[in-house]
Amino acid sequence: MFKLRSFIMNVLLASVLVPTRVRVSALRACGMRIGPGATVFPLCFLSNTNITIDTNIITIGPDTFVNSKCFFDNCATITIGADVSLAMEVMLCTSSHRIGAADRRAGVLVEAPIVIGDGCWLGARVTVLPGVTIGDGCVIAAGAVVTVDCEPNGLYAGVPARRVRDLI
């Protein structure tokens with residue numbers, strides 16, 4: 001069942017041949033919570049398509065825009081607010097590994113949810129790591145790697161991302 005669901009979500013529904021309205025409706029039917037007016041462009045990838053009603057839900061708020069080739073590692077919950085814009089190739093990574101022993105540095109798997117507040121804009125190829133909350137009204141500059149929480153209404157840039165300035 002897992003492989004079939006992955007094929008449906010990451011091949012069929014990710015196709016550029018599938019109209020946006022059909023893609024969004026089908027993703028809802030597969031367990032994603034997608035608000036009215038939200039757009040999910042083609043070629044997005046959901047790494048854990050074993051979504052159930054109670055766990056690992058992806059929520060995309062109303063009027064949110066998800067551009068092409070975004071990556072959702074939803075080993076834990078991903079919550080995206082209303083009026084958010086995700087540029088192309090944004091990566092939302094809810095899992096990682098602890099540093100292991102010398103014989104295998106990728107140790108125990110750790111999972112933590114990601115929350116993106118209302119009105120945010122994440123630029124191209126932004127990476128958000130497990131457990132991060134991005135406050136309402138933030139802009140995350142292209143290529144930034146967000147490793148810690150972002151306070152509301154700030155411009156964050158760099159690797160790791162740091163608050164560059166306040167936004168009004």
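Here are four short exercises with worked solutions on this predicted model.

**Exercise 1. Cysteines**

Find how many disulfides the structure holds, then look at Cys30 and Cys150.

*Solution.*
- Step 1: Recall that a disulfide is a covalent bond between the sulfur atoms of two cysteines.
- Step 2: For the search, the two sulfur atoms must lie within 2.5 Å. The count for this structure is zero disulfides.
- Step 3: Take Cys30, which is in no disulfide: its nearest cysteine sulfur belongs to Cys44 and is 14 Å away. Cys30 counts as buried because its relative accessibility is 16%, and the cut-off for buried is under 20%.
- Step 4: Turn to Cys150, also in no disulfide, where the nearest cysteine sulfur is that of Cys138, 5.4 Å away. With a relative accessible area of 4%, Cys150 is buried too.

**Exercise 2. The sheet that starts with E1**

Work out the strand order of the open sheet containing E7 and E12, and name its edge strands.

*Solution.*
- Step 1: Trace the five strands across the sheet; the order is E1-E4-E7-E12-E15, and the pairing is parallel.
- Step 2: Look for strands that pair on one side only. These edge strands are E1 (33-34) and E15 (133-134).
- Step 3: Now zoom in on one pair. Strand E7, residues 78-80, runs parallel to strand E12, residues 114-116, with three bridges between them. Within this pair, Thr79 has Val115 of E12 as its bridge partner.

**Exercise 3. The sheet that starts with E3**

Do the same for the open sheet containing E9 and E14, and explain what sets its edges apart.

*Solution.*
- Step 1: Reading across, the five strands come in the order E3-E6-E9-E14-E17, with parallel pairing.
- Step 2: The edges are strand E3 (45-46) and strand E17 (145-146); each has a single partner strand, so one side of each has no neighbour in the sheet.
- Step 3: Check a pair here as well. Strand E9 (residues 91-93) and strand E14 (residues 127-128) run parallel and are joined by two bridges. Opposite Leu92 you will find Val128 in E14.

**Exercise 4. A nonpolar patch**

Identify the residues of the nonpolar surface patch, and decide whether Leu4 is buried, partly exposed or exposed.

*Solution.*
- Step 1: The patch is made by Leu4, Phe7, Val11 and Leu12, and covers about 360 Å².
- Step 2: Place Leu4 in the fold: Leu4 is found in helix H1, which spans residues 2-12.
- Step 3: Leu4 has 49% relative accessibility, so this residue counts as partly exposed; exposed would need over 50%.

Key:
Residues are numbered from 1 along each chain as its sequence is written. This is a predicted model: local features need pLDDT of at least 70, side-chain atom pairs count only at pLDDT 80 or more; totals for chains, interfaces and linings use all residues. Side-chain values use heavy atoms; hydrogens and water are left out. Buried means under 20% relative accessible area, exposed over 50%, partly exposed in between (1.4 Å probe, protein chains only). Two strands pair if DSSP finds at least two bridges between them. Helices (H or I, at least four residues) and strands (E, at least two) are DSSP runs, numbered from the N terminus. Patches are made of residues with over 30% relative accessible area and no salt bridge: like charges are joined within 9 Å, nonpolar side chains (Val, Leu, Ile, Met, Phe, Trp, Tyr) within 5 Å. Accessible areas come from the Shrake-Rupley method with a 1.4 Å probe; for residues, only the protein chains shown count as cover. A salt bridge is a side-chain nitrogen of Lys or Arg within 4 Å of a carboxyl oxygen of Asp or Glu.
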